[in-house]
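Please read the following report alongside the sequence and the three-dimensional model. It moves from single positions to the wider arrangement of the chain.

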Amino acid sequence: MTLAQDAKSILDSLGVDPALYTGGTLTKISPMTGEEIAALPENTAEDTAAAVARARAAFKEWRMVPAPKRGELVRLLGEELRTHKEALGRMVSIEAGKIPSEGLGEVQEMIDICDFATGLSRQLYGLTIATERPGHRMMEQWHPLGVVGIISAFNFPVAVWSWNAALALVCGNPVIWKPSEKSPLTALASMAILQKALDRFGDAPEGLAQLLIGGADVGNALVEDPDVALVSATGSTRMGRIVGPKVAERFGRCILELGGNNAGIVCPSADLDMTLRAVAFGAMGTAGQRCTSQRRLFVHADVYDDLVPRLVKAYESVSVGNPLEANHLVGPLIDKDAFDGMEKALSDAKAVGGTVHGGGRVDTGAESAYYARPALVEMPEQSGPMLHETFAPILYVTKYTDFDAAIEAQNAVGAGLSSCIFTLNVRETEQFLSAAGSDCGIANVNIGTSGAEIGGAFGGEKETGGGRESGSDAWKGYMRRATNTVNYSSQLPLAQGVVFDI
Ligand code: NAD
């Protein structure tokens, strides 16, 4: 069976209308083999305006549905995802090139956020606040915000949508999803699964959850529409630099989840076996195409000669190839541009004195598929391409002797997403986690930079955009806060003792 047939049989099994993925202008190539697997009709800017109008109408109804009932829809979505986990996980592999366990893992993440959001639907708490005025009560309420536009990246083609959609729906908001043009089929599959939940739920308003297929222009129509209350955009910092100011200009709300350049510090006391495994997964897993992929490593001089040659060996032995055909750990890059970007970064690294281990194209016989051998680059110092995210499996390694300088170097890049330290020393641990330590949204101890769970708020600082999604109190980003003061007395005392007698 070809991948195109494989994809079709998955979409058929979920009840997706073939007209949605055949005969259109958006051709989808599987990175596994380079073969065309679908050609999707694209939406236009006018379609976006119509979708927003439908969502606005849905908002008026959905915001009045009690939150625990809204949670029931998300609970049903979680059930449907459990039922269709294998199919959607395989679709993620076919479309994004992930190894099977990562494809399934991504769907598990969707299930986890549905469970979280279902519980959350009974916990959208506001505070009661002490007031200085007698006979008064002050409180805050969290109300639904409005239409939520979700723009997502190719590398987590479905999990990012679910992080946003599950929270937005229980918070009382309709959602419009513009997935990456590189991963539209998993979006069709996810929407079909959601439709099953909607059918079982029964009386959700039409237009509550919609999908727009297309590129940046369609995303831009959502960004510029004043009726989209929140734009949650995941992708490159380049994209965020365009989207952020446009949404700010119309006083809309934005959650930006942008690029990372994630570092780790390996201290003299580190458990090196554990460090080796964590770094190998973090840097080579998902072919280096996670926003949280491990990209930089600062290794103390005392353990450098012990750890780095072992890492180089792991890089030499890791199996690269089509993960659906054999038990490979590293699958393809998404496309030729990604491969060219990797080649350029490696040549730039050499130009500033880097020693490259690995790298280069792996021939799988598929001319239009781009498999790369992961590269470890020993750098004399942090410079050149090490300062920027290259969305490919490159790990830059430098030696350090001074711990404070290592923390400073880890923070001396534009991105601020994820970070980690490997140490058994409590002073180093606490300094790394302190206000003077890692400046990232995620700071881990004795685990790598990638592989977040949904329970915590996810996101990063600086050029990563500052947004938070998923767990903890990230839901507050999808609601508006109203502070209410109620006077149940017969007097009208003014705050701060102001007197205004008429
Ligand atoms: P990308 O920026 O090329 O595209 C992301 C999405 O933005 C796509 O849907 C695209 O169509 C849309 N888009 C692009 N320009 C736009 C514009 N001007 N207006 C509106 N929409 C626009 O990113 P990509 O290559 O798909 O994904 C890789 C990048 O995403 C990496 O930088 C990675 O670190 C980042 N990422 C970040 C997170 C996170 O949570 N921080 C998660 C996943 C990926």
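Gly214 has its place in the loop between β7 (209-211) and α8, where helices (H or I, at least four residues) and strands (E, at least two) are DSSP runs, numbered from the N terminus. This is a predicted model, in which local features need pLDDT of at least 70 and side-chain atom pairs count only at pLDDT 80 or more, while totals for chains, interfaces and linings use all residues. Residues are numbered from 1 along each chain as its sequence is written.

Gly214 counts as buried because it has 23 C-beta neighbours inside 10 Å; a residue is buried if 20 or more other C-beta atoms lie within 10 Å of its own, exposed if 12 or fewer, and partly exposed in between, with C-beta atoms placed from the backbone. Leaving aside residues up to four places away in sequence, Gly214 touches Glu42, Asn43, Lys178 and Glu181, where contact means that the C-beta atoms of two residues, placed from the backbone, lie within 7 Å. One of these partners, Lys178, is 36 residues from Gly214 along the chain, and the C-alpha atoms of the two are separated by 7.2 Å.

**Glu257 and the ligand shell**

Which residue does UniProt list for "active site"? The record, an unreviewed entry, lists Glu257; UniProt positions are given in the numbering used here, feature names are shortened, and annotations may be inferred rather than shown by experiment. Glu257 is found in strand β9 (residues 253-257), and it is buried because 30 other C-beta atoms lie within 10 Å. Not counting residues up to four places away in sequence, Glu257 touches Thr234, Gly459, Gly465, Gly467 and Glu469.

Glu257 is also among the residues that come nearest to the ligand, together with Ala153, Gly219, Gly235 and Cys291, out of the 29 residues around it; a residue is near a molecule if its C-beta atom, placed from the backbone, lies within 6 Å of it. The elements that give two or more residues to this shell are α8 (216-224) and α9 (237-249), and the largest share, four residues, comes from α8. By residue type the shell divides into 13 nonpolar, twelve polar and four charged, where Ala, Val, Leu, Ile, Met, Phe, Trp, Tyr, Cys and Pro count as nonpolar, Asp, Glu, Lys and Arg as charged, and the others, Gly among them, as polar.

**Two domains**

The protein is divided into domain 1 (3-258 + 465-482) and domain 2 (262-445), with bounds that come from an automatic or database domain assignment. The C-alpha centres of domain 1 and domain 2 lie 30 Å apart, and 14 residues of domain 1 are in contact with 19 residues of domain 2. On the side of domain 1 that touches domain 2, the residues divide into six nonpolar, five polar and three charged. The shell around the ligand draws at least three residues from each of domain 1 and domain 2.

The UniProt record, an unreviewed entry, places the feature "domain: Aldehyde dehydrogenase" at residues 25-481. The end C-alpha atoms of residues 25-481 lie 43 Å apart, and the span is 40% helix and 21% strand.

**Helix α7**

Helix α7 (residues 184-201) has 18 residues and reaches 25 Å from its first C-alpha to its last, close to the 26 Å expected at 1.5 Å a residue, the expected span being 1.5 Å times one less than the number of residues. Its buried residues include Pro184, Leu185, Leu188, Ile193, Leu194 and Ala197. After α7 comes Gly202, whose phi is positive, near 100 degrees.

**Partly exposed positions**

Most residues other than glycine have a negative phi. Lys462, although not a glycine, has a positive phi of about 55 degrees, and Ser472, a residue other than glycine, has a positive phi near 50 degrees. The table places these two residues beside Ala366.

| Residue | Location | C-beta neighbours within 10 Å |
|---|---|---|
| Lys462 | strand β21 (residues 461-462) | 18 |
| Ser472 | loop between β22 (469-470) and β23 (479-487) | 14 |
| Ala366 | loop between β13 (361-362) and β14 (371-372) | 17 |

Ala366 touches Thr33 and Gly34, not counting residues up to four places away in sequence. Ala366 and Tyr478 are 112 residues apart in sequence and 44 Å apart in space, C-alpha to C-alpha.
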